[in-house]
Amino acid sequence: MRNTERLAVLGAGHVGPVIARLAIAAGYPVAIATSGDPDDIALITELVIPGARPRWASDAIADADIVVLAIPLHRFAELDPGLLAGKIVVDAMNYWPASDGVLTAFEDGGTRGSSEIVARRLAGSAVVKALNHIGYHELEDRARPAGAPDRRAAGLAGDDQAAVAAVAELTGRLGYDPVRLGGLRAGRVLQPGGPVFGQVLTLPEFERAVHEDARSLS
Ligand SMILES: NC(=O)c1ccc[n+]([C@@H]2O[C@H](COP(=O)([O-])OP(=O)(O)OC[C@H]3O[C@@H](n4cnc5c(N)ncnc54)[C@H](OP(=O)(O)O)[C@@H]3O)[C@@H](O)[C@H]2O)c1
């Protein structure tokens, strides 16, 4: 693994461009893609994500070390798992039936985290749940360099330790204290209904919220 991994951000809607901008500011080479022709997002990319390279999704993925899924979960089935094999995949998606509709595969009563279900389909990838629990406006506005007194925390969870380390570094460089929660199942605390979803907390606040949630479940 090189010191600065190349990022492919899939999704140029609300959160994808924010992640791309923060990553460019942190020094990552970034490609951005939608499901369509990169020419369609060339101008907007130049204007709102200067430095990012619009590409076909397959090309962006092929050249990336880390692929960020910033697409709606109901579009996830469109992705070819074969393209993502061997990649670190950041699952920034949330299951939101109000906008995704009911997705049967993700309706299991909360026993499994949505990223576990994503990972089962992406069996050849190292999936890490991250960057999903902070709204896109705040994700950008609240990002701070390491050591800043008002720096906030962002959680991540994954089963592959090398991938978790790479995504923890990414999270830190994007502007948040990374909190490693454990395996993908532990990532349930980051998803809708979990104690830190939609929250922008300091590290102690984050740890307290997760701890209190674990106690309430035990
Ligand atoms: N909005 C937030 O504040 C926020 C924060 C954290 C996480 N999230 C999560 O991030 C995901 C995306 O949210 P969003 O609000 O950014 O969605 P959005 O504004 O609807 O944007 C979705 C983007 O994904 C692209 N896309 C769809 N299918 C694709 C595919 N197969 N390959 C490549 N690109 C594809 C869309 O472009 P085309 O349709 O042109 O392909 C569009 O650019 C959701 O799961 C959400 O829960 C959102």
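Let's start right at the ligand: 23 residues surround it, and A12, H14, V15, S35 and Y136 come nearest. Please keep in mind, everyone, that this is a predicted model.

What kinds of residues make up that shell around the ligand? By class, 13 are nonpolar, eight are polar and two are charged.

Now for some individual contacts. S35, one of the nearest residues, has an N or O atom in its side chain that lies 2.4 Å from an oxygen atom of the ligand. Two other residues use their backbone instead: a polar backbone atom of N94 is 3.1 Å from a ligand oxygen, and for A92 the distance from a polar backbone atom to a ligand oxygen is 3.4 Å. How much of the ligand does the protein cover? On its own the ligand has 890 Å² of accessible area, and the protein covers 78% of that. As for where to look on your screen, the ligand sits in the largest pocket.

Let's step back to the whole chain. You can trace nine helices and eight strands in the protein chain. The radius of gyration of this chain is 16 Å, close to the 17 Å that the globule rule gives for 218 residues, so the chain is as compact as a globular protein of that length. If you'd like dimensions, the C-alpha trace spans about 50 × 45 × 35 Å along its principal axes.

Thanks for listening, everyone!

Technical notes. Residues are numbered from 1 along each chain as its sequence is written. This is a predicted model: local features need pLDDT of at least 70, side-chain atom pairs count only at pLDDT 80 or more; totals for chains, interfaces and linings use all residues. Side-chain values use heavy atoms; hydrogens and water are left out. A residue is near a molecule or strand if one of its heavy atoms lies within 4 Å of it. A polar contact is a pair of N or O atoms within 3.5 Å; within protein, one must be able to donate a hydrogen and the other to accept it, and residues adjacent in sequence count only if both atoms are side-chain atoms. Accessible areas come from the Shrake-Rupley method with a 1.4 Å probe; for residues, only the protein chains shown count as cover. On a 1 Å grid over the protein atoms alone, a cavity is a set of points where a 1.4 Å probe fits but cannot get out, and a pocket is an open set with protein on both sides within 12 Å along at least five of seven lines; lining residues have an atom within 4 Å of a point. A molecule sits in a cavity or pocket if more than half of its atoms lie within 2 Å of its grid points. Ala, Val, Leu, Ile, Met, Phe, Trp, Tyr, Cys and Pro count as nonpolar, Asp, Glu, Lys and Arg as charged, and the others, Gly among them, as polar. Helices (H or I, at least four residues) and strands (E, at least two) are DSSP runs, numbered from the N terminus. The radius of gyration is taken over C-alpha atoms; the globule rule is 2.2 Å times the number of residues to the power 0.38.
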